[in-house]
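This briefing is for a reader who has not met the structure before. Please look at the sequence and the model first, then read the points grouped by topic.

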Amino acid sequence: MEFLLFCVIFATAYLVAFKPEKQQLAHKLLAVSILMSLFIWLVATWTMIVPPGNL
């Protein structure tokens, strides 16, 4: 999952650097990468936020 996140961020940086006419796509990819980062963090810390016996 982290590798996919890295690829999305790299694609966003490539679009910003070399294809400025694709700015809308770069904004969408940036939003996807932020949401994916949040999801990865949530999965990694879920047991610290909600203890196993309290569901």
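Trp46 has a relative accessible area of 43%, so this residue counts as partly exposed. Trp46 sits in helix α2, and it helps to form a nonpolar patch on the surface together with Leu35, Leu38, Trp41, Leu42 and Ile49. The model is a predicted one, and the points below go from the whole chain to single residues.

**Overall form**

- The protein contains two helices and zero strands.
- Helix α1 covers residues 2–18, and helix α2 covers residues 23–49.
- The radius of gyration is 15 Å, whereas a compact globule of 55 residues would have a value near 10 Å.
- Taken along the principal axes, the box filled by the C-alpha atoms is roughly 50 × 20 × 10 Å.
- The C-alpha atoms of Trp46 and Tyr14 are separated by 33 Å, with their positions 32 residues apart along the chain.

**Surface and burial**

- The accessible surface of the protein is about 4,600 Å².
- Carbon and sulfur atoms account for 75% of that accessible surface.
- Of the 55 residues, 16% count as buried.

**The nonpolar patch**

- Six residues are named in the patch: Leu35, Leu38, Trp41, Leu42, Trp46 and Ile49.
- Together they have about 640 Å² of accessible area.
- Leu38 belongs to helix α2, and with a relative accessible area of 52% it is exposed, because the cut-off for exposed is over 50%.
- Ile49 also lies in helix α2, and its relative accessibility of 45% makes it partly exposed.
- When neighbours within four places in sequence are left aside, Ile49 is in contact with Trp41 and Leu42, and both of these residues are named in the patch as well.

**A buried serine between the helices' residues**

- Ser33 is placed in helix α2.
- Is Ser33 buried or exposed? Its relative accessible area is 5%, and it is buried because that value falls under 20%.
- Not counting residues up to four places away in sequence, Ser33 touches Leu5, Val8 and Ile9.
- Ser33 and Leu5 are 28 residues apart in sequence, but their C-alpha atoms are 6.0 Å apart in space.

**The aromatic pair**

- How many aromatic pairs does the structure hold? There is one.
- Tyr14 and Phe18 form this pair, with 5.3 Å from centre to centre and 45° between the planes.
- The pair is tilted, because an angle of 45° is neither under 30 degrees, as for stacked rings, nor over 60, as for edge-to-face rings.
- Tyr14 and Phe18 are four residues apart in helix α1, so about one helical turn separates them.
- Tyr14 is partly exposed, at 41% relative accessibility, whereas Phe18 is exposed, at 60%.

Note on methods. Residues are numbered from 1 along each chain as its sequence is written. This is a predicted model: local features need pLDDT of at least 70, side-chain atom pairs count only at pLDDT 80 or more; totals for chains, interfaces and linings use all residues. Side-chain values use heavy atoms; hydrogens and water are left out. Patches are made of residues with over 30% relative accessible area and no salt bridge: like charges are joined within 9 Å, nonpolar side chains (Val, Leu, Ile, Met, Phe, Trp, Tyr) within 5 Å. Accessible areas come from the Shrake-Rupley method with a 1.4 Å probe; for residues, only the protein chains shown count as cover. A salt bridge is a side-chain nitrogen of Lys or Arg within 4 Å of a carboxyl oxygen of Asp or Glu. Buried means under 20% relative accessible area, exposed over 50%, partly exposed in between (1.4 Å probe, protein chains only). Rings of Phe, Tyr and Trp (its six-membered ring) pair if their centres lie within 6.5 Å; planes under 30 degrees apart count as stacked, over 60 as edge-to-face and the rest as tilted. Contact means heavy atoms within 4.5 Å. The radius of gyration is taken over C-alpha atoms; the globule rule is 2.2 Å times the number of residues to the power 0.38.
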